[in-house]
Amino acid sequence: MPVKIVAVLVVLPVRVVWELLAGAARAVGRYVLGPLYTYVLGPLLRGLGRVVSFLLKLVFVWPWTALWRYLLGPLVRALYAYLIAPLASALYRYLLRPLGLAAWWAADLLWRYVLVPVSRWAYRYVLRPVGVVLAWAWGVAGRVLCRAGWVFIGWPLSQVYRYVLTPVGHVVRAVWRTARDAVRETGAEVRRMLFGTPAGERARSRARTLSSTTAAADAATAAEFSPPR
């Protein structure tokens, strides 16, 4: 209850006064300040800006533009046309061009009569003999290295191959063949013991026996009827 009384007695009058002041300010801004700015202050400020811009151009732009257009520009163009360009042309024609031609001529003489003969002499009497000596030394070094390689590496390896590896290889081959034949014979014996001798094998053994007997008889006959030497 006291809060409502305080709100009615204090807050409400303040709010009413604030609303009245705001409405008065909006009315003054709309009906007084707005037309005043639109019809009085705005044109006055724009005119003042134009006057200030005109004065600034009059003081800082137009004098320098006129000075360049009517005095400095023609003076610079005249100086370039009648002084700088002729001086540059004369300097190029009578100094820079002769100096360039003299430098080219001197460089050509230096190249033709100094550098080329010196290069030829250096190649003929220095670089070429040095190259020949280096090539000969390289060939000698290569032959020495080859001979040393054969003496220290090739010949020992060849002797090891001839007197060690080759006999060992023959022994290994003989042992391998013997073991292979033994394994084959053992397999054949085991197979004959388990399964007997097949008919085809008996026929082949009989044919081998017959052929060997026939070959022995033919050899004996030939030896008997051959003429004595």
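**A walk along a helical chain**

Let us start at Arg184, which is exposed, with a relative accessible area of 55%; exposed means over 50%, buried under 20% and partly exposed in between, using a 1.4 Å probe and protein chains only. This is a predicted model, where local features need pLDDT of at least 70 and side-chain atom pairs count only at pLDDT 80 or more, while totals for chains, interfaces and linings use all residues. Residues are numbered from 1 along each chain as its sequence is written, and side-chain values use heavy atoms, leaving out hydrogens and water.

Arg184 sits in helix H1, residues 2–195. The chain has two helices and zero strands; helices are DSSP runs of H or I with at least four residues, strands are E runs of at least two, and both are numbered from the N terminus.

Together with Arg173, Arg177 and Arg180, Arg184 forms a positive surface patch. Patch residues have over 30% relative accessible area and no salt bridge, and like charges are joined within 9 Å, with the place of an Arg charge taken as CZ.

Now move back along helix H1 to the one salt bridge that the structure holds. Arg112 pairs with Asp108, their closest N and O atoms being 3.2 Å apart; a salt bridge needs a side-chain nitrogen of Lys or Arg within 4 Å of a carboxyl oxygen of Asp or Glu. The two residues are four apart in helix H1, so about one helical turn separates them. Arg112 is partly exposed at 48%, and Asp108 is also partly exposed, at 27%.

Finally, look at the whole chain: buried residues make up 3% of its 229 residues.

Definitions and conventions:
Patches are made of residues with over 30% relative accessible area and no salt bridge: like charges are joined within 9 Å, nonpolar side chains (Val, Leu, Ile, Met, Phe, Trp, Tyr) within 5 Å. Accessible areas come from the Shrake-Rupley method with a 1.4 Å probe; for residues, only the protein chains shown count as cover. Lys and Arg count as positive and Asp and Glu as negative; His and the chain ends are not counted.
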